[in-house]
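Got your viewer open? Load the model, hide nothing yet, and follow along stop by stop.

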Amino acid sequence: MGKWVYSFGAGRNEGKAEMRNLLGGKGANLAEMASIGLPVPPGFTITTEVCTWFYDHGKKYPEDLRAQVDEALARVEETVGNRFGDAKRPLLVSVRSGARVSMPGMMDTVLNLGLNDQTVEGLEAASGDSRFAWDSYRRFIQMYGSVVLGIDHHRFEEIIEDAKLAANATEDTALTARDWRGVVDGYKAMVQEVRGEPFPQDPQDQLWGAIGAVFGSWMNPRANTYRRLHDIPADWGTAVNVQAMVFGNMGEDCATGVCFTRDPSTGEDIFYGEYLINAQGEDVVAGIRTPQPMSEARAKPDERSMEKAMPAAYAELVKVRETLERHYRDMQDIEFTVQQNKLYMLQTRNGKRTAAASLKIAVDMAAEGLIDRKEAVNRVAPSSLDQLLHPMLDPEAPRKLFSKGLPASPGAACGVVVFSADEAEARANKGEAVILVRIETSPEDIHGMHAARGILTTRGGMTSHAAVVARGMGRPCVAGAGGVTVDYNGQTLSSGGQTVRAGETITLDGASGEVFVGAVPMIEPKLSGDFATLMEWADQSRRLRVRANAETPLDAETARKFGAEGIGLCRTEHMFFDPDRIGAVRQMIMSETERGRREALARLLPFQRKDFLDLFRIMAGLPITIRLLDPPLHEFLPHREEDLAEVAEALGADPAAMKRRAADLAEANPMLGHRGCRLGISYPEIYEMQARAIFEAAIETAKSTGKAPVPEIMIPLVATKRELEITRAQVERMAKAVFAEAGMEVEYQVGTMIELPRAALCADAIAEPADFFSFGTNDLTQTVFGLSRDDAGKFLPLYVEQGILPKDPFVSIDIDGVGALVRIAKEKGRGVKPELKLGICGEHGGDPASIQFCEEAGLDYVSCSPYRVPVARLAAAQAALSGGGGDRTA
Ligand code: PEP
Ligand code: MG
């Protein structure tokens with residue numbers, strides 16, 4: 001025995017908002033709204049536990065479920081005063097799915113359930129509106145037929161088209177009660193033909209059929225894909241909500257609408273949304289009729305706002321809006337119906353929003369006193385900031401307008417036109433930038449939307465599937481571009497006499513809704529206003545410092561602009577590939593003698609010195625960790641024979657000797673070969689040159705600015721204490737030499753990367769000659785898993801898909817394995833040197849979940865690519881606020 005069913009609005013409210021895991025988001029919020037006195041049609045929720053039970057027991061239900069459903073249904077009947085299946089006063093219900101989080105892949109809704117050949121007449125008599133009754137019945141057969149019985153919806157459309165032809169009508173609205181009656185007969189005959197049995201007439205059969213369809217849809221391929229993309233575990237299950245119907249399509253004093261308590265694109269504090277008079281829920285999103293705006297302020301001259309058309313219901317809704325925002329302390333996405341001027345609430349949930357809106361709403365709500373600053377910081381998903389950091393169209397750039405639609409999701413995107421989700425995915429996998437163009441999108445298109453740079457649809461409004469999903473994914477989207485004609489067969493889209501073919505380039509501006517032919521140049525985003533405010537609040541809450549991985553002046557400048565507090569990793573080898581120095585680098589590699597190498601290195605020295613001078617100037621006193629040369633030397637030599645010959649000629653070397661040398665240097669397993677400090681030990685002159693360049697640049701900076709930088713010199717791929725002792729001694733000797741020549745000294749530190757398991761396990765010994773540790777979690781992940789960084793792409797996605805690994809460990813730190821080594825190294829290192837500085841500079845330094853781990857592990861800083869610095873600042877603040885518990889002395 002368990003409690004499987006929870007009532008709401010039916011004399012009792014057994015659920016509340018906090019019960020979303022059990023009741024799903026929709027069910028929990030219906031109960032919550034009912035309990036705070038909002039007008040919610042009565043109903044009940046079958047819990048997510050039933051879904052889990054259903055799958056654990058060969059798709060059967062718990063024995064006592066039926067009795068509980070009967071009891072809850074009886075309560076609804078009593079509240080409404082109608083009875084399920086009653087020929088005179090039939091109770092009709094809606095059946096909807098509702099997981100913990102909204103999931104577009106699942107069965108959505110069946111309306112008007114309970115109608116059959118008898119009850120339709122009861123509805124006709126009770127409403128006094130035959131057309132309404134028969135239209136409702138045919139809608140029910142259509143919805144139930146397609147989502148529960150799995151009949152292709154074209155089969156239903158054909159019958160309507162025939163009816164329209166026969167009645168000489170162009171619009172559905174011109175069909176009469178008699179016409180709809182004929183459509184119902186046609187539907188029933190077609191169902192009999194397709195299914196080999198009649199459309200179910202017993203309301204109980206209908207109800208259990210719909211309940212089964214909701215649970216069944218939890219495991220359909222679309223839902224599975226959506227869950228995979230959004231990290232939703234399969235064992236969460238969905239709930240089923242059964243609720244008394246109210247009708248927005250019973251006449252001109254009825255309406256239905258979908259709206260947001262604030263603008264979900266900009267965050268502006270206005271009542272935002274769409275409604276339709278005399279319509280049922282699906283009509284608003286289906287794009288058949290054009291929905292009208294809620295507020296008069298947003299209405300164009302030819303539009304009729306709800307504020308004007310239904311002032312009383314609108315005023316009530318405005319009050320509900322305030323109540324909901326005060327109660328939930330967040331922007332809500334609501335659905336409502338007005339039946340004969342009476343307002344009913346059908347749904348509320350925290351509204352999906354763009355990153356810009358998320359920021360503005362968080363900052364505004366803190367200013368309004370609805371939430372405090374810490375909560376504001378917690379409200380913005382760090383990864384969503386990526387959206388704000390995306391390029392925009394260069395306003396100065398010339399462009400050729402193709403068409404205009406709704407600005408559904410901001411950001412600019414440019415790519416080649418594709419017309420199907422599968423093609424979008426296939427071409428994106430090959431590295432192409434694509435724009436997915438569809439008449440409208442549906443949950444089947446999710447994978448293609450994910451793969452595309454941007455999405456263009458010709459149908460549907462700001463609450464259409466394309467708009468809502470693109471916003472959530474952070475993809476730029478222009479929706480409902482009604483002036484554009486899409487021809488899937490001909491693979492073209494045309495507008496105003498212009499035609500674009502599949503494979504040709506277009507550019508979208510998701511902020512303005514404009515579509516351009518060809519590629520329009522883009523510019524970097526500027527950060528200000530709400531962004532700066534929220535970042536400031538985040539910085540007040542965070543403990544972890546945030547540095548950037550940067551080598552070039554541009555990277556360093558970008559990093560500073562985004563608030564980096566230093567450089568955590570300067571990969572000096574990236575400075576070796578520059579065209580004006582690669583010759584000297586190759587000469588160094590080619591020479592067989594130390595003398596030859598030293599000559600080549602002497603040519604490189606001025607370049608390196610200039611590199612460090614630039615970094616010291618840009619970072620102006622902030623800490624900079626400079627890592628000495630890491631990768632194996634053969635990486636700098638050309639690989640193809642003709643390139644080898646060309647380089648040999650340029651260097652004046654013998655091509656055969658060059659080939660021999662390249663062959664000598666080639667390794668079976670370069671990632672585990674002659675790289676890192678192993679190079680610095682075999683060829684000490686390389687690290688000596690780099691150390692000299694660093695010290696000379698530091699001294700020059702000290703002399704010219706009066707402020708000496710404190711370079712942190714980092715030795716890569718250390719496995720033993722001795723390796724660090726040897727390389728540290730080299731650096732110290734060079735420091736002494738340069739200081740003697742310059743007649744002055746600067747402070748510096750020498751530390752090491754911890755990127756090999758042995759280094760982590762022996763961190764107590766290695767800490768002795770180290771001033772700091774920086775965890776190189778890229779190599780550490782590679783070596784802990786024995787998983788090649790370069791080859792893992794072939795099978796890691798499969799591992800993630802099959803759940804063998806929860807996430808790609810090169811993206812998000814493997815807490816159990818790699819994380820355990822980080823903790824060991826920290827304990828051992830700080831055991832020897834309590835003040836040992838600890839950072840992380842692998843790719844994980846910009847990943848929010850890994851940053852949470854770094855906070856918990858008590859590291860001092862994270863270092864990530866410049867564009868991810870704001871993401872890291874916010875993630876670090878959230879980690880600290882969640883009580884990460886980092887502690888330098890722990
Ligand atoms: C690492 O291994 O994590 C690291 C930062 O170094 P690289 O990626 O250059 O090997
Ligand atoms: Mg490394």
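Here is a short walk from the whole chain down to the ligand and then out to a couple of loops.

**Stop 1: the whole chain**

Start in cartoon view, and keep in mind that this is a predicted model. The protein chain carries 34 helices and 33 strands. Its C-alpha trace spans about 105 × 60 × 50 Å along the principal axes. Of the 890 residues in the protein chain, 56% are buried. Switch on a surface and you are looking at about 36,400 Å² of accessible area, 50% of it belonging to carbon and sulfur atoms. The contacts reach far along the sequence, too: among those in the protein chain between residues at least 6 apart, 68% join residues at least 24 apart.

**Stop 2: an annotated domain**

Now select residues 65-294 and 310-367. UniProt, in an unreviewed entry, places the feature "domain: Pyruvate phosphate dikinase AMP/ATP-binding" there. Color the second piece on its own: residues 310-367 are 53% helix and 29% strand, with the end C-alpha atoms 32 Å apart.

**Stop 3: ligand 1**

Center on ligand 1 and show the residues around it. There are 14 of them, and the closest are Arg571, Arg627, Gly776, Asn778 and Arg789. Color that shell by class and you get seven charged, four polar and three nonpolar residues.

Which elements each supply at least two residues of the shell around ligand 1? Strand E27 (567-571) and helix H30 (777-785) do. The largest share, three residues, comes from H30.

Next, turn on distances to the oxygen atoms of ligand 1:

- Glu755 puts a polar side-chain atom 3.0 Å from a ligand oxygen.
- Gly776 has a polar backbone atom 3.3 Å from an oxygen of ligand 1.
- Thr777 brings a backbone N or O atom to 3.0 Å from a ligand oxygen.

How much of ligand 1 does the protein bury? Taken alone, the ligand exposes 290 Å², and the protein buries 95% of that.

**Stop 4: Thr777**

Stay here and select Thr777, the residue whose backbone you just saw 3.0 Å from a ligand oxygen. Thr777 sits in helix H30. Is its place buried or exposed? Thr777 has a relative accessible area of 0%, so it counts as buried, the cut-off being under 20%. Show its neighbors from farther along the chain: leaving out residues up to four places away in sequence, Thr777 touches Ile813, Val818, Ile840, Gly842, Glu843 and His844.

**Stop 5: two loops with a twist in the backbone**

Before you jump, a reminder: most residues other than glycine have a negative phi. The next two residues go the other way.

Select Asn278 first. You'll find Asn278 in the loop between strand E9 (272-277) and helix H10 (282-286). Its phi is positive, about 50°, although Asn278 is not a glycine. Asn278 is partly exposed, with a relative accessible area of 26%.

Then hop over to Gln491, in the loop between strand E20 (485-487) and strand E21 (492-495). Gln491 also has a positive phi, near 55°, and is a residue other than glycine. What does its accessibility make it? At 30% relative accessibility, Gln491 counts as partly exposed.

**Last look**

Zoom back out with three things highlighted: ligand 1 with its shell of 14 residues, the buried Thr777 in helix H30, and the positive-phi residues Asn278 and Gln491.

Note on methods. Residues are numbered from 1 along each chain as its sequence is written. Chains are lettered from A and ligands numbered from 1 in the order in which they are written. This is a predicted model: local features need pLDDT of at least 70, side-chain atom pairs count only at pLDDT 80 or more; totals for chains, interfaces and linings use all residues. Side-chain values use heavy atoms; hydrogens and water are left out. A residue is near a molecule or strand if one of its heavy atoms lies within 4 Å of it. A polar contact is a pair of N or O atoms within 3.5 Å; within protein, one must be able to donate a hydrogen and the other to accept it, and residues adjacent in sequence count only if both atoms are side-chain atoms. Accessible areas come from the Shrake-Rupley method with a 1.4 Å probe; for residues, only the protein chains shown count as cover. Helices (H or I, at least four residues) and strands (E, at least two) are DSSP runs, numbered from the N terminus. Ala, Val, Leu, Ile, Met, Phe, Trp, Tyr, Cys and Pro count as nonpolar, Asp, Glu, Lys and Arg as charged, and the others, Gly among them, as polar. UniProt positions are given in the numbering used here, feature names are shortened, and annotations may be inferred rather than shown by experiment. Buried means under 20% relative accessible area, exposed over 50%, partly exposed in between (1.4 Å probe, protein chains only). Contact means heavy atoms within 4.5 Å.
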